Amino acid sequence: MTQIASTSLDSSIKEETQILHPLAELSHNSKWQLKKRKIKATTLYICCLAAMLVSVSILGLLLAKIFISGMGWLNWQFLENVPSRFAEKAGIKPALWGTIWLLGLTSIISIPLGVGAAVYIEEIMRPSRLKNFIELNIANLTSVPSIIFGILGLAIFVRYMNFGKSLLSGALTLSILVLPIIMIATREALQAVPVSLRQAALAVGATRWQTTRDQILPQALPNILTGIILSISRAIGETAPLIMVGALSFIAFTPEGPMDEFTALPMQIFNWASRPQLTFHELSAAAIIVLLILLLGANAVAIVVRNHYQRKNLCNRL
Amino acid sequence: MTPNLIKAKYTNRFGESLILTCLQAFSYISILTTIGIVAILALESSEFFKNISLQEFLFTTEWAPLFEPRRFGILPLIMGTLLVAGLSCLVSVPLGIAVALYLSQYATERARSLFKPLLEILAGIPSVVFGYFAMTAITPFIRSWYPEAEVFNALSAAIVVGIMTLPLVASLSDDAMRSVPSSLLEGGYALGTTKAEVNFFILLPAASSGIIASFVLAFSRAIGETMAVTLAAGSTPNLTLNPFESIQTMAAYIVQVSMGDTPRGSIEYQSIFAVGLVLFLITLFANMLASFMKQYFKKGYV
């Protein structure tokens with residue numbers, strides 16, 4: 001029935017268009033084609049929007065899953081107890097302190113080195129083949145897998161330098177891992193400082209180092225700080241290099257100094273997650289919540305620092 | 001000039017040159033790191049290759065280093081790694097490009113400033129957390145659809161690695177798309193084309209160098225990914241293309257050996273350096289390919 005109706009409708013349109021103009025059929029076709037093109041355009045838009053929403057909802061799903069599983073285990077006891085075979089008594093005190101130690105030591109080692117090297121390459125070094133080579137080298141290092149840095153740490157710090165499976169080995173390995181990232185972040189911050197500032201300082205007779213120290217670094221500081229915080233928070237979540245340098249997965253004391261054996265939050269998460277019992281998976285989720293709070297807290301600090309200094313700089317300029 | 005001033009000037013300059021020398025030394029650390037990586041991997045794996053011939057290592061198909069009879073054919077590990085990395089690209093590449101298209105072409109300034117930080121948060125989540133997510137959420141989901149899938153399977157690992165590398169593809173492709181001159185796109189619109197046609201026939205070809213480079217980088221990241229794969233894909237060296245089986249990747253093998261207490265000098269200890277060397281060479285090749293593509297295709301539209 002409908003088929004007959006539609007064909008008769010088609011033929012009636014055709015008759016009508018034939019009466020109108022010989023080119024009308026073409027225009028009728030192209031109208032339909034235009035509609036098709038517009039539908040395609042809308043489809044693409046919807047696909048792109050859907051992809052964006054899917055990506056964001058995966059993030060939401062991940063966070064929801066972790067919070068639902070782990071929230072029930074999160075209390076002071078969990079933060080103050082040592083790991084245990086019994087899920088009810090288990091806690092993350094050694095892991096939390098290990099992570100805090102690593103955070104401190106890695107910052108002390110990597111920030112001066114990374115910022116210093118970036119300042120030298122960006123501000124002092126003249127264009128040369130060596131400079132190109134160093135730049136290429138840094139870019140390559142940022143995409144070397146973290147486990148390779150772990151192998152380097154194992155061979156150099158743990159074995160050759162004989163630091164053993166200590167916090168120091170772990171922090172040195174993480175430092176080597178974040179150095180290229182800090183350098184790239186610092187260089188981007190320095191590149192954002194206007195050239196006119198350098199030229200003005202050099203024109204009144206300042207040396208290159210004076211220009212850098214008194215004019216450029218203060219200007220670039222907020223962005224450098226943000227970059228540093230983001231880089232180091234990335235290092236804190238790394239697990240593979242710590243496994244390589246021999247972080248322990250079961251430890252019942254908090255480290256007292258840089259030469260002590262240690263564990264860290266990501267290690268503890270990995271250890272609990274790889275056990276078959278469901279309760280340990282939930283403990284793992286609780287530890288993930290603590291780790292994520294640390295990392296997101298660091299990001300929030302980065303944003304606050306940037307905003308604070310940007311306002312201050314603006315005031316100085318006015 | 002008073003002697004005091006001269007002295008001040010002298011010490012100032014002296015301090016300055018001291019600082020500059022220090023900074024110069026710092027800037028060589030990156031080169032030292034690279035040399036260190038290459039030297040360590042080469043030295044330690046040369047010990048390994050004294051015991052195992054290169055031919056056996058590269059061309060035999062069984063990997064059983066931890067129990068007798070030991071077999072050292074790395075092909076199952078390479079296969080597992082490529083399987084996970086390849087499948088992960090099926091997730092990260094289409095999603096990543098669509099997200100980049102949305103961010104660069106469709107999103108309003110407000111939507112962009114909402115979604116961009118969310119992607120950065122996704123990029124900043126540690127890989128062990130993704131491993132947990134794969135194990136407790138993705139694997140049960142897969143097994144509810146396809147009950148024959150093993151508890152540890154390559155597909156779950158691939159999906160989660162795809163999610164991890166998605167922000168990388170999205171942000172690099174977004175950069176590439178935004179650097180296409182707007183005059184090119186406006187020329188397209190002036191001819192009466194729709195937005196989809198401009199995107200497909202003008203924007204994507206013009207930004208192709210950056211987009212392809214982002215794929216290669218995502219692939220290289222997926223190859224080196226360790227913790228998520230260790231947790232989700234298991235530790236069974238397995239020469240297979242079936243994504244529902246448990247496999248082992250190169251990085252996961254290295255983790256497995258170093259979790260146990262292997263004495264220095266044993267063949268297992270040496271084998272992690274040999275596997276590490278292969279892993280390093282593959283990622284190095286991928287990274288160089290990515291930067292070569294960026295250079296090579298750059299001539300396209302500029």
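**Salt bridges, an interface and confidence in a two-chain model**

Q: In this predicted model, which residue forms a salt bridge with A:Arg187?
A: The closest N and O atoms of the pair are 2.8 Å apart. A salt bridge needs such atoms within 4 Å, so the pair qualifies. The partner of A:Arg187 is A:Glu122.

Q: How many residues apart are A:Arg187 and A:Glu122?
A: A:Arg187 sits in helix α7 of chain A. A:Glu122 sits in helix α4 (residues 93-124) of chain A. The pair links distant parts of the chain, and the separation is 65 residues.

Q: Is A:Arg187 buried or exposed?
A: The relative accessible area of A:Arg187 is 14%. The cut-off for buried is under 20%, so this residue falls below it. A:Arg187 is buried.

Q: Which residue is linked with A:Glu122 and A:Arg187 in a network of salt bridges?
A: A:Arg187 and A:Glu122 already form one salt bridge. The network also takes in another residue of chain A, A:Glu135.

Q: Which residue of chain A forms a salt bridge with B:Glu197?
A: B:Glu197 lies in helix α9 (residues 195-206) of chain B. Its partner lies in helix α2 of chain A, so the pair joins two chains. The closest N and O atoms are 2.8 Å apart, and the partner is A:Arg37.

Q: Which of the two, B:Glu197 or A:Arg37, counts as buried?
A: A:Arg37 has a relative accessible area of 28%, so it is partly exposed. The other residue has 17% relative accessibility. The one that counts as buried is B:Glu197.

Q: How many salt bridges does the rule find across the interface of chain A and chain B?
A: Over all chains, the structure holds 10 salt bridges. A:Arg37 and B:Glu197 meet in a salt bridge between the chains. Across the interface, the rule finds one.

Q: Which helix gives the most residues to the side of chain A that touches chain B?
A: In total, 73 residues of chain A are in contact with 75 residues of chain B. One helix gives 20 residues to the chain A side. This is helix α2 (residues 24-70) of chain A.

Q: What share of the area buried between chain A and chain B do carbon and sulfur atoms give?
A: The side of chain A that touches chain B has 55 nonpolar, 13 polar and five charged residues. The area buried between the two chains is about 6,500 Å². Carbon and sulfur atoms give 79%.

Q: Where in chain A is confidence lowest?
A: Chain A averages a pLDDT of 85. Helix α7 (residues 167-191) has the highest mean, at 93. Where pLDDT is low, the coordinates should not be read in detail. The lowest mean, 50, belongs to helix α1 (residues 2-20) of chain A.

Q: Which residue joins B:Asn238 in a polar contact of 2.9 Å?
A: B:Asn238 lies in the loop between α11 (227-233) and α12 (250-259) of chain B. Beyond four places in sequence, it touches B:Pro76, B:Glu245, B:Ser246 and B:Ile247. The polar contact is between side chains, and the partner is B:Glu245.

Q: How many of the 10 residues of α12(B) are buried?
A: The buried residues include B:Met250, B:Tyr253 and B:Val257. The helix is mostly covered. The count of buried residues is eight.

Technical notes:
Residues numbered from 1 in each chain as written. Chains lettered and ligands numbered in written order. Predicted model: local features only at pLDDT ≥ 70, side-chain atom pairs only at ≥ 80, totals over all residues. Heavy atoms only, no water. Contact = heavy atoms within 4.5 Å. Buried area = accessible area lost by both parts, 1.4 Å probe. Salt bridge = Lys/Arg side-chain N within 4 Å of Asp/Glu carboxyl O. Helix = DSSP H or I, 4+ residues; strand = E, 2+ residues; numbered from the N terminus. Nonpolar A, V, L, I, M, F, W, Y, C, P; charged D, E, K, R; others polar. pLDDT = per-residue confidence, 0-100. Polar contact = N/O pair within 3.5 Å; in protein donor to acceptor, adjacent residues only side chain to side chain. Buried < 20%, exposed > 50% of the residue type's maximum accessible area, 1.4 Å probe, protein only.
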